[in-house]
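The following questions and answers examine a single protein chain. Each answer sets out its reasoning before it arrives at the value or name requested.

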Amino acid sequence: MIDIFNNNLLRHNYQQKYCVFDFETECLSLFYNKPWQIAYLVSDLTQNYTLENRYLWWKNLKVSVGAARVSGFNEQLYKEKAEDPQKVLDEFEQILYDDSIKTIGHNVCQFDTYIH
């Protein structure tokens with residue numbers, strides 16, 4: 001029988017940091033799709049350390065009607081805030097590949113990991 005009250009479980013480790021991330025993309029396909037936004041949070045069970053909402057600049061971005069509706073894409077806001085995708089990716093990957101931080105998310109295995 002599994003001991004669900006074992007103090008070695010992650011839910012009892014208040015110092016463990018987690019990264020939760022989510023991409024928004026130009027369409028709802030995994031075949032050809034560019035992310036235009038990434039949001040990520042680094043937190044433990046008591047406080048947030050990093051909260052980022054970054055826009056990725058692509059000169060040929062073509063957000064589909066369906067993706068815009070689902071993600072709340074705002075072209076004017078995108079043009080104002082978008083920045084070099086490589087810079088954003090480099091900063092995100094410092095967190096993503098940090099072995100001391102566990103990566104979690106609701107759509108990570110099905111979509112966001114493939115987009116990354």
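**Questions on the predicted model**

Q: In what order do helices and strands follow one another in the protein chain of this predicted model?
A: The model is predicted. Its protein chain has four helices and five strands. Read along the sequence, these elements give the pattern β-β-β-α-α-β-α-β-α.

Q: What share of the contacts with a separation of 6 or more in the protein chain comes from residues 24 or more positions apart?
A: The C-alpha trace of the protein chain spans about 55 × 30 × 20 Å along its principal axes. Within the protein chain, contacts with a separation of 6 or more are the reference set, and the part contributed by residues 24 or more positions apart is 58%.

Q: What percentage of the exposed area of the protein chain do carbon and sulfur atoms supply?
A: Of the 116 residues of the protein chain, 33% count as buried. The area that the protein chain exposes is about 8100 Å². The part of this area supplied by carbon and sulfur atoms is 53%.

Q: How many disulfides are counted?
A: A disulfide requires two cysteine sulfur atoms within 2.5 Å of each other. Cys-19 is buried, at a relative accessible area of 0%, and Cys-27 also counts as buried, at 17%. Under the 2.5 Å rule, the number of disulfides is zero.

Q: Is Gln-16 buried or exposed?
A: Gln-16 belongs to the segment before β1, the strand of residues 17-25. Its relative accessible area is 12%. Buried means under 20%, so the class that applies to Gln-16 is buried.

Q: Which residue offers the backbone oxygen that the side chain of Gln-16 reaches?
A: Neighbours within four places in sequence aside, Gln-16 is in contact with Leu-10, Ser-43, Asp-44, Leu-45, Ser-100, Ile-101 and Lys-102. One of these contacts involves a backbone oxygen that the side chain of Gln-16 reaches at 3.0 Å, and the residue is Ser-100.

Q: Over the face of which residue does Lys-17 lie?
A: A charge sits over a ring if, for lysine, NZ is within 6 Å of the ring centre and within 35 degrees of the ring normal. The distance from Lys-17 to the ring centre is 4.3 Å, and the ring is that of Tyr-49.

Q: What is the geometry of the aromatic pair formed by Trp-36 and Phe-73?
A: The whole structure holds nine aromatic pairs. In the pair of Trp-36 and Phe-73, the ring centres are 4.8 Å apart and the planes meet at 75 degrees. Planes over 60 degrees apart meet the cut-off for one class, so the pair is edge-to-face.

Q: How many residues apart in sequence are the parts that the pair of Trp-36 and Phe-73 ties together?
A: Both Trp-36 and Phe-73 are buried. Trp-36 lies in strand β2 (residues 35-43), whereas Phe-73 is found in the loop between α1 (65-71) and α2 (75-81). The pair therefore ties together parts whose separation in sequence, in residues, is 37.

Q: How are the rings of Phe-73 and Tyr-78 classed as a pair?
A: Phe-73 is buried at a relative accessible area of 19%, and Tyr-78 is buried at 3%. Trp-36, Tyr-55, Trp-57, Phe-73 and Tyr-78 form one aromatic cluster. The ring centres of Phe-73 and Tyr-78 are 5.7 Å apart with their planes at 50 degrees, so the pair is tilted.

Q: Which residue has its backbone oxygen 2.8 Å from a polar atom of the side chain of Asn-33?
A: Asn-33 is placed in the loop between β1 and β2 and is buried, with a relative accessible area of 14%. Its side chain makes a polar contact with the side chain of Thr-25 at 3.1 Å. The contacts of Asn-33, neighbours within four places aside, also include Glu-26, Leu-28, Phe-111 and Ile-115. The backbone oxygen at 2.8 Å is that of Cys-27.

Q: What distance separates the C-alpha atoms of Lys-62 and Cys-27?
A: Lys-62 is in the loop between β3 (48-56) and α1. It is exposed, with a relative accessible area of 66%. Lys-62 and Cys-27 are 35 residues apart along the chain, and their C-alpha atoms are separated by 8.0 Å.

Terms used
Residues are numbered from 1 along each chain as its sequence is written. This is a predicted model: local features need pLDDT of at least 70, side-chain atom pairs count only at pLDDT 80 or more; totals for chains, interfaces and linings use all residues. Side-chain values use heavy atoms; hydrogens and water are left out. Buried means under 20% relative accessible area, exposed over 50%, partly exposed in between (1.4 Å probe, protein chains only). Helices (H or I, at least four residues) and strands (E, at least two) are DSSP runs, numbered from the N terminus. A polar contact is a pair of N or O atoms within 3.5 Å; within protein, one must be able to donate a hydrogen and the other to accept it, and residues adjacent in sequence count only if both atoms are side-chain atoms. Contact means heavy atoms within 4.5 Å. Rings of Phe, Tyr and Trp (its six-membered ring) pair if their centres lie within 6.5 Å; planes under 30 degrees apart count as stacked, over 60 as edge-to-face and the rest as tilted. Accessible areas come from the Shrake-Rupley method with a 1.4 Å probe; for residues, only the protein chains shown count as cover.
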